[in-house]
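Grab a coffee and open the viewer. Here are some short exercises, each with a worked solution, to help you find your way around the structure.

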There are 2 protein chains.
Amino acid sequence: MLNQFKFVTGNPNKVREASEILDLTLESVQVDGLFEIQSPDIDAVIRHKAEQAHSILQCPVMVEDSGLVFHAWNGLPGALVKWFEETVSCEGMLKMLEGFDDRGATAICCFAVYDGKNMKIARGKVKGSLSSNIRGSNGFGWDVIFIPEGYKQTYGEMSPRGKNAISHRKRALDKLKQELNKAL
Amino acid sequence: MLNQFKFVTGNPNKVREASEILDLTLESVQVDGLFEIQSPDIDAVIRHKAEQAHSILQCPVMVEDSGLVFHAWNGLPGALVKWFEETVSCEGMLKMLEGFDDRGATAICCFAVYDGKNMKIARGKVKGSLSSNIRGSNGFGWDVIFIPEGYKQTYGEMSPRGKNAISHRKRALDKLKQELNKAL
């Protein structure tokens, strides 16, 4: 069942990562005019995105959204982290956090598979903390500032295989597989 | 012509302020299920909002969006400022800015009137700076941290009449009036 839908994303990094974790070739499609609603709440963003993608493509779809919640910031940046990256970059985020004592963060990934009737949502979370500077050159986005709990490296300092074995996206995809298997 | 459309907003503060500036009673309506797209770019947000509101209500609509750009943050929070208010509050925004030298900010307001064919967009901008602490109790949102250029008070320390005479919203509404008069 896992390859009976299209993965709707314009981010080739996410396709590569999900394909590596699921160990299959995902069919991906970029949909122009797909809007993400304004909210740091990933669940709200993903439901709207799944409905919209299905309505445009008229076929079963998989959508993904992820985010990074800084504990000191009460929900921010959350799903809005991509706008922080585009404007202030990861360096800027760390600078904005300087005045706060709590450097804790939670990485969240959420997948939804929607066929027009049923929506399966799977979430994966990884607690961790924010590094004091940019570290590593692997991964993408905010991987270079997030240190998962129990590790000393940022995601960006881990090999793709190392990160994908423990990441928030891995946890979400594992749950999604279980959900989809239940539905068979 | 100014009262031949509905002002689509769920924010009574904005209705009151626009009514005061335009000196007329605006018919306002709150639309459930109206989503704002995810972007700090106010122009992108407002176009989508106008089209969506018209599509739901099937009548001429006026929509508004405003934001506050911190010069040190390259576009942030912009139209996303409401989420900053909801999560970290104005105090948090000032704390996030502590490590930056540039305390400049620009207040932006954007109105769009859309009848299904033509879209009139009017923008108003006010340059200023961010106070070092919360000041004043008038206004709403981030009024208590924004000091317009040429003044020593924050918006929140001004009387409603004082603020409305010089605000980004006043400038946008003045332009909107001109635009609508041209169209008559």
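Where in chain B is the place of B:Asn74? Look between β3 (61-70) and β4, and you'll land in the loop that holds B:Asn74. One thing to keep in mind throughout: this is a predicted model.

**Exercise 1. Check the backbone of B:Asn74 and B:Ser89.**

Step 1: Start with what to expect. Most residues other than glycine have a negative phi.

Step 2: Read off B:Asn74. Phi is near 55 degrees there, a positive value in a residue other than glycine.

Step 3: Move on to B:Ser89, which isn't a glycine but has a positive phi of about 70 degrees. B:Ser89 sits in helix α4 (residues 89-97) of chain B.

Step 4: Now judge its exposure. B:Ser89 has 25% relative accessibility, so it counts as partly exposed.

**Exercise 2. Find the cis peptide bonds.**

Step 1: Again, begin with the background. Most peptide bonds are trans.

Step 2: In chain A, go to the bond from A:Leu76 to A:Pro77: that one is cis, with omega near -15 degrees. A:Pro77 belongs to strand β4 (residues 77-78) of chain A.

Step 3: In chain B, B:Leu76 and B:Pro77 are joined by a cis peptide bond, with omega about -15 degrees. B:Pro77 is part of strand β4 (residues 77-78) of chain B.

**Exercise 3. Walk along helix α1 of chain B, from one end to the other.**

Step 1: At the start of α1(B), look for a side-chain oxygen of B:Asn11, which comes within 2.9 Å of the backbone nitrogen of B:Asn13.

Step 2: List the residues of α1 (residues 12-22) that are buried in chain B. You should get B:Lys14, B:Val15, B:Glu17, B:Ala18, B:Ser19, B:Ile21 and B:Leu22.

Step 3: Step just past α1(B), and B:Asp23 shows a positive phi of about 55 degrees.

**Exercise 4. Set A:Arg169 beside A:Arg171.**

Step 1: Place them. A:Arg169 lies in helix α6 of chain A, and A:Arg171 lies in helix α6 of chain A too.

Step 2: Is A:Arg169 buried or exposed? Its relative accessibility is 2%, and the cut-off for buried is under 20%, so A:Arg169 counts as buried.

Step 3: See what the side chain of A:Arg169 touches. One polar contact, of 2.2 Å, goes to the side chain of A:Glu17, and another, of 2.8 Å, goes to the side chain of A:Glu64.

Step 4: Turn to A:Arg171, which has a relative accessible area of 43% and is therefore partly exposed. A:Arg171 gathers with A:Lys125, A:Lys127 and A:Lys175 in a surface patch of positive charge.

Step 5: Which elements supply the patch? β6 (119-130) and α6 (168-183) of chain A each give at least two residues to the positive patch.

**Exercise 5. Look at two buried strand residues in chain A.**

Step 1: Find A:Val69 in strand β3 (residues 61-70) of chain A. Its relative accessible area is 17%, so A:Val69 is buried.

Step 2: How far apart in space are A:Val69 and A:Lys127, C-alpha to C-alpha? The gap is 9.5 Å, while in sequence A:Val69 and A:Lys127 are 58 residues apart.

Step 3: Now find A:Thr106 in strand β5 (residues 104-114) of chain A. With 10% relative accessibility, A:Thr106 counts as buried. The side chain of A:Thr106 makes a polar contact of 2.7 Å with the side chain of A:His71.

Technical notes:
Residues numbered from 1 in each chain as written. Chains lettered and ligands numbered in written order. Predicted model: local features only at pLDDT ≥ 70, side-chain atom pairs only at ≥ 80, totals over all residues. Heavy atoms only, no water. Patch = residues over 30% accessible without salt bridge, like charges linked within 9 Å, V, L, I, M, F, W, Y side chains within 5 Å. Areas by Shrake-Rupley, 256 points an atom, 1.4 Å probe, with all protein chains shown as cover. Salt bridge = Lys/Arg side-chain N within 4 Å of Asp/Glu carboxyl O. Lys, Arg positive; Asp, Glu negative; His and termini not counted. Charge placed at Lys NZ, Arg CZ, Asp CG, Glu CD. Helix = DSSP H or I, 4+ residues; strand = E, 2+ residues; numbered from the N terminus. Buried < 20%, exposed > 50% of the residue type's maximum accessible area, 1.4 Å probe, protein only. Polar contact = N/O pair within 3.5 Å; in protein donor to acceptor, adjacent residues only side chain to side chain.
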